[in-house]
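Morning, everyone. Please bring up the model on your screens. I'll walk you through it in a few minutes.

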Amino acid sequence: MNDLAVITCFLNFDKDPMRVQAFSQFKQSLDAQKATLYTVEVTQEGRHSEIKNFCGDNHLEIKVFSPLLMKENALNVLSATLPKEFKKIAWLDCSTVIKNENWLEETSKLLDEHKLVKVGEDVSWGALASDREFFEKIGLFDLDFSGMGEYISYVSATSPNFAEENSEV
């Protein structure tokens with residue numbers, strides 16, 4: 001078993017059936033690569049899960065009144081529920097496609113030497129990995145209106161005193 005868990009957040013507040021289909025394809029591609037995926041699905045009050053049947057026991061549903069600022073916070077909550085044998089965590093947008101079939105092993109090895117690793121060739125910040133301690137001590141920046149939450153998380157992981165030295169963050 002690999003020591004790297006993959007987590008993702010599924011949001012579909014506009015009820016787009018294409019998002020469900022895209023998630024299914026995302027899940028199938030990770031299954032083919034033998035990745036262990038855990039998914040947090042954020043749904044609005046009064047609505048039900050659209051993807052639980054794809055995920056089985058590795059699914060956490062969070063019901064909210066308002067969807068603002070949910071993605072990173074939901075991933076922080078999900079990371080705390082992972083089995084302890086996973087020492088490393090990759091978080092991917094659920095539309096991410098990784099063509100390299102050895103990415104799990106390569107990412108895990110890189111995390112033995114680095115605090116944070118960019119996963120895949122995509123230039124977006126939507127695919128990163130860290131050791132579990134990052135989530136326990138720092139977590140993903142979840143108060144982001146700028147679209148830069150993952151970048152702020154990156155800087156905080158790579159700069160030892162970032163959070164302490166930047167009280168405005």
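One term before we begin. Helices and strands here are DSSP runs, numbered from the N terminus. With that in hand, take Ser108: it sits in helix H4, residues 103-111. We'll come back to Ser108 later. And keep in mind that this is a predicted model.

Now the overall layout. The chain has seven helices and six strands. Along the sequence, they follow the pattern β-α-β-α-β-α-β-α-β-β-α-α-α. There are 169 residues in the chain, and 44% of them are buried. How do contacts spread along the sequence? Take the contacts between residues at least 6 apart: 61% of those join residues at least 24 apart.

Next, the rings. How many aromatic pairs does a search of the whole structure find? Seven. I'll show you two of them.

Start with Tyr38 and Phe86. Their ring centres are 5.9 Å apart. Their planes meet at 75°. Is that pair stacked or edge-to-face? Planes over 60 degrees apart count as edge-to-face. So at 75° the pair of Tyr38 and Phe86 is edge-to-face. Now find the two partners on the chain. Tyr38 is in strand S2, while Phe86 is in the loop between helix H3 (71-79) and strand S4 (88-92). The two are 48 residues apart in sequence, so the pair ties together separate parts of the chain. Both Tyr38 and Phe86 are buried.

The other pair is Trp91 with Phe134. This one is stacked, with 5° between the planes and 5.9 Å from centre to centre. Trp91 belongs to strand S4, and Phe134 to helix H5, residues 132-137. That is another link between distant parts of the chain, 43 residues apart. Trp91 is buried, and Phe134 is buried too.

There is also a cluster. Ring pairs link Phe10, Phe23, Phe26 and Phe54. Remember Phe10 and Phe26, please. You'll hear both names again.

On to the cavities. The search finds two of 30 Å³ or more. The largest has a volume of about 40 Å³. Which residues line the largest cavity? They are Phe10, Asn12, Phe13, Glu41, Val42, Thr43, Arg47 and Glu50. Three are nonpolar, two are polar and three are charged. Strand S2, residues 36-44, gives the most to this lining, with three residues.

The second largest cavity holds about 30 Å³ of space. Its lining is made of Phe26, Ser29, Leu30, Gln33, Leu92, Thr96, Val97 and Ile98. Here the split is five nonpolar, three polar and no charged. Which element gives the most to this lining? Helix H1, residues 17-32, with three residues.

Let's zoom in on one residue from the lining of the largest cavity: Glu41. Glu41 lies in strand S2. Is Glu41 buried or exposed? Buried means under 20% relative accessible area. Glu41 has 1%, so Glu41 is buried. What does Glu41 touch? Leave out residues up to four places away in sequence, and the list is Phe10, Ser49, Glu50, Ile51, Lys52, His59, Leu60, Glu61 and Ile62. With Ser49, there is a polar contact of 2.5 Å between the side chains. And look at His59. Glu41 and His59 are 18 residues apart along the chain, but 7.3 Å separates their C-alpha atoms.

Back to Ser108, as promised. Its relative accessible area is 9%, so Ser108 is buried as well. Setting aside residues up to four places away in sequence, Ser108 touches Asn2, Asp3 and Lys88.

Last topic: backbone angles. Most residues other than glycine have a negative phi. Now look at two lysines. Lys15 has a positive phi, near 55°. Lys34 has a positive phi too, near 60°. Where are they? Lys15 is in the loop between strand S1 (4-11) and H1. Lys34 is in the loop between H1 and S2. Are they buried or exposed? Exposed means over 50% relative accessible area. Lys15 comes in at 55%, so Lys15 counts as exposed. Lys34 is at 71%, so Lys34 is exposed too.

That's my tour. Thanks for listening.

Methods: Residues numbered from 1 in each chain as written. Predicted model: local features only at pLDDT ≥ 70, side-chain atom pairs only at ≥ 80, totals over all residues. Heavy atoms only, no water. 1 Å grid on protein atoms, 1.4 Å probe; cavity = no way out; pocket = protein on both sides within 12 Å on 5 of 7 lines; lining within 4 Å. Points joined across faces, edges and corners; volume = space filled by probe spheres on them. Helix = DSSP H or I, 4+ residues; strand = E, 2+ residues; numbered from the N terminus. Nonpolar A, V, L, I, M, F, W, Y, C, P; charged D, E, K, R; others polar. Phe/Tyr/Trp six-rings, centres within 6.5 Å; stacked < 30°, edge-to-face > 60°. Buried < 20%, exposed > 50% of the residue type's maximum accessible area, 1.4 Å probe, protein only. Contact = heavy atoms within 4.5 Å. Polar contact = N/O pair within 3.5 Å; in protein donor to acceptor, adjacent residues only side chain to side chain.
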